Amino acid sequence: MGGLLNALNIGKTSLAVNQKSIEVVGNNIANVNTPGYSRQQAELSSLPVVDIEGYFVGQGVTVGDIVREHDVFISNQVQEKSSTVGEENGKAVPLSAVERVLNISERSLAAEISRYFDAWQELTVNPGGTVERDALIMRGTMLADVFNNVSQQLDVVKKDINSTLSVKIDDVNLVLREVADLNDRIAQIEIFGHTANSFRDQRDLLVEQLSASLGVKTFEGQDGKISVNLPSGHSLVNGNNVQTLAGVNVGNEFLLQVRFGDVSIDLDQGKIGGEFKGMMEVRDTLVSSLQDELDLMAFTLVDEVNDLHENGMGLDGIGSRPFFTPLTAVEDASRNIAVALQQTFEVASGNSDAVGDNTNARSIAALGEKKVINGRETFTEFYGRLSARVGSKVAQNNLNLTGAEDALVQLKNLRDGRVGVSIEEEMINLIQYQRGFEASAKLLSTVDEMMATLLSLKR
Amino acid sequence: MRTTQAATHRILQAELNRHGNRLQELRKIAISGKKISKPSDDPAVVQPVLATRSQLHNVDRYIKTMDTAMDRFHVMDAQLEQVGNLLVRAREVTIAAGNSAFDQGDLNSLAEQINALKEEMVSLANTKVDSKYIFSGYRENVKSFSGNPPVYNGDTNHTMLEVGPGQMVQVNLTGNEIFTDGVDIFTVLETIESALLNGDSAVAIAQLDDLTDGADQVMRLRSVMGNNSLRTEEAQKYMKEFKVEIRGILSRYEDADIIETISELTQQEGAFELALDVTARVARLSILDYL
């Protein structure tokens, strides 16, 4: 009877274990589409052998632990690629906005400059014509408008980047807090020897998000807690301590800071990675330099045209009138450029008050093809260079983004291949455990029959 | 290593995205006919495209300017021809004064004719086109000659127009160089008229040389203008050919090869269809149908 009871017990463990395994399979199937979910597996082991009257008989089976599949190498690679994708993604939207501003259509700044000098050329044919003079002043006004508009649109790009950053800062802070909480929970569970599978999955997913937005690096400690650092080495999460990010408006600038207690450290694009870096790079490197260059362009235009225009004379015989409102500084020139002339007779087409005098108009018209910016480039060439620079940045960004996304897809597939859920595999496991369950039930019923046979002996 | 559902769908999605994007790009090129609509399409040609466009702008302007210049030449030429004709007639009238049979009455009527010619000459010198005095230099709103004897009121400036990059052409003559500098045509006519009125036909005939010189003077200026006109006409012809050439260059930079685009589009559509087909196949195949 002792042997039968033992067999009954073995059948019981087997039933329980197969049932548990089916639960795990069920959970895997249920999470087949859960992002970041790693496949779990019941680790089966046979129970210790017991010496029964000189025979070593097994005691059945047990579930040692439910572990998740994990590959640190691939996880780190995914984290790193996420950071690259994040950075290029962060650049993509503002870059395309900048590209629209510095376009090459018929409404571009280059076309407008062309039209402005063309209006001067047209004036040379009929220097006294009110229509031509009117057209010229209108062209000048439109040119100034386009300059103002371009400068303003670049400001809008900066502003949009800033407001995106400030929204994302809140998101990132929440995620940082969550990582810290998960650190705590994982440590609490794993101190008892279990594996905190789903919490680790969750944390991996959050870290991936943080990599995409900030390019963070993580290190896991002995207790299962991870520390999250910026690429510059500044710590964001340490155990369950969180250093939050903050956005501060200083004048027109929006600064990203990390707070260590009472101390705040400014984070520039060199200290961070991911999406934040991408956006800040566009804002601080590209847009700012474009604005400087456009200012130089506007300033040179105003300066050169005014110089010549002041040499000439209006139809009323009065000279020294500037065409554009004189600018004192290069800074903000594209924002401040405006036409100073009000009346058509003020246009100095000649060096005398004679209505047919077109000498001055000819010299100003010639400015359009002169290499006046830094003595090296014409206005068209200069604009072309800016536009081409933006164009190659966008093209490069497209290329990098596609490349990084492809790589990320491959890495994620690789990770899925290692740790993801395959329906086919789970279905086959399901059959396997079902059969195991059926077999152990059969065992139990057989033992039961044997016991009944034994008991019926005495009747 | 196993194939997971998530991985399969991720690949399908990435590929469909890629095909979709390329298809959209090709459709845009096909429908606009331009392979470059934004700087990033080909950053290397941005500068040449803008430079070529501005060149095209300039060429258009030069052609228009030359149209105006040609108009002026024609008007100027017609006026100078008329001046020449008047001088020929003045010569004929003056020669007639040499007829010894003419009495003072005849001379008076000749003087009358000379006077009429002079008046006509002054009104020619004050020709107005498009409400501008064409012989007044820059001072085109000022009557070229006034008073008796007629005094030049304009200035000596020549209007230069740009008909090519840095290429200037003179499109006017000033009243003084035609009528008063060198031989003063008005004075000569005046002298002849008063000599005839005084019955001094010898003095009138003595002016014949000056009349010839005056005619030469007008002739010379007319031929200068004629040369300019010819040059401008040639330049315009060249500029129009140049424009065709520039258009060609611009088109090579920014226009799409439509045959290539369409064939690529067809190819891409095929690829996209195939990708969709594969996606549908994936959905049809499931282990669950076999268990």
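Glu87(A) is buried in this predicted model, its relative accessible area being 16%. Its salt-bridge partner is Lys91(A), and the closest N and O atoms of the two lie 3.9 Å apart. Lys91(A) also counts as buried, at 13% relative accessibility. Both values fall under the 20% limit that defines burial. The two residues belong to helix H2 of chain A, which spans residues 72-101, and because they are four residues apart they are separated by about one helical turn. An α-helix has 3.6 residues a turn, so residues three or four places apart point the same way. Side chains of opposite charge can pair when their charged atoms come close.

A pair with the same spacing occurs in helix H4 of chain A, where Asp181(A) and Arg177(A) are four residues apart and hence about one helical turn from each other. The closest N and O atoms of this salt bridge are 3.8 Å apart. Here the setting is given by accessibility values of 34% for Asp181(A), which is partly exposed, and 38% for Arg177(A), which is likewise partly exposed.

A third salt bridge joins the side chains of Glu346(A) and Arg321(A), with an N to O distance of 4.0 Å. This pair links distant parts of the chain, 25 residues apart: Glu346(A) lies in the loop between helix H7 (333-336) and helix H8 (359-367) of chain A, and Arg321(A) lies in the loop between helix H6 (274-311) and H7 of chain A. Both Glu346(A) and Arg321(A) are buried. Elsewhere, salt bridges with shared partners connect Arg39(A), Glu69(A), Glu425(A), Glu426(A) and Arg2(B) in one network. Over all chains, the count of salt bridges comes to 48.

The discussion now turns to helix packing. H2(A), the helix that holds Glu87(A) and Lys91(A), packs with H9(A) at an angle of about 150 degrees, and the axes are 8 Å apart. Angles over 145 degrees count as roughly antiparallel, and H2(A) and H9(A) are therefore roughly antiparallel to each other. H2(A) passes H9(A) in a left-handed crossing.

Helix H3 of chain A (residues 109-125) packs with H4(A) at an angle of about 160 degrees, their axes being 9 Å apart. These two helices are therefore also roughly antiparallel to each other, and the crossing of H3(A) past H4(A) is left-handed. On the H3(A) side, the residues that make the contact include Leu109(A), Ile113(A), Tyr116(A), Trp120(A) and Leu123(A). On the H4(A) side, they include Leu136(A), Gly140(A), Leu143(A), Val146(A) and Phe147(A). Charged residues take part as well, among them Glu112(A) and Arg115(A) of H3(A) and Glu132(A) and Arg139(A) of H4(A).

Helix H8(A) has contacts in both chains. Its buried residues are Asn360(A), Ala361(A), Arg362(A), Ile364(A), Ala365(A) and Leu367(A). In chain A, the buried residues of H8(A) pack against H3, H6 and helix H9 (379-419). In chain B, they pack against strand S5 (160-164) and strand S6 (167-170).

The strands of chain A complete this account. Four of them form an open sheet in the order S5-S6-S7-S8, with antiparallel pairing. Strand S5 (217-220) and strand S8 (241-242) of chain A stand at the edges, each with a single partner strand, so one side of each has no neighbour in the sheet. Helix H4 of chain A (residues 130-190) packs on the sheet and touches S6, S7 and S8 of chain A, its direction making about 30 degrees with that of S7(A).

Within the sheet, S5(A) and S6(A) pair in the antiparallel sense over four bridges, and Thr218(A) stands opposite Val228(A) in S6(A). The hairpin of S5(A) and S6(A) has five residues between the strands, and Gly224(A) takes a positive phi near 85 degrees there. Strand S6 (residues 226-229) and strand S7 (residues 235-238) of chain A run antiparallel and are joined by two bridges. Asn229(A) has Ser235(A) as its bridge partner in S7(A). The hairpin of S6(A) and S7(A) also has five residues between the strands, and Gly233(A) in the turn has a positive phi of about 100 degrees.

In a regular strand the side chains alternate between the two faces of the sheet. Both faces of S6(A) are covered, with Ile226(A) and Val228(A) buried on one side and Ser227(A) and Asn229(A) buried on the other.

Definitions and conventions:
Residues numbered from 1 in each chain as written. Chains lettered and ligands numbered in written order. Predicted model: local features only at pLDDT ≥ 70, side-chain atom pairs only at ≥ 80, totals over all residues. Heavy atoms only, no water. Pairing = 2+ DSSP bridges. Contact = heavy atoms within 4.5 Å. Axes fitted to C-alpha atoms, helices over the stretch in contact; angles between N-to-C directions. Buried < 20%, exposed > 50% of the residue type's maximum accessible area, 1.4 Å probe, protein only. Parallel < 35°, antiparallel > 145°, perpendicular 65-115°, else oblique. Left-handed = near helix turned anticlockwise from the far one by under 90°.
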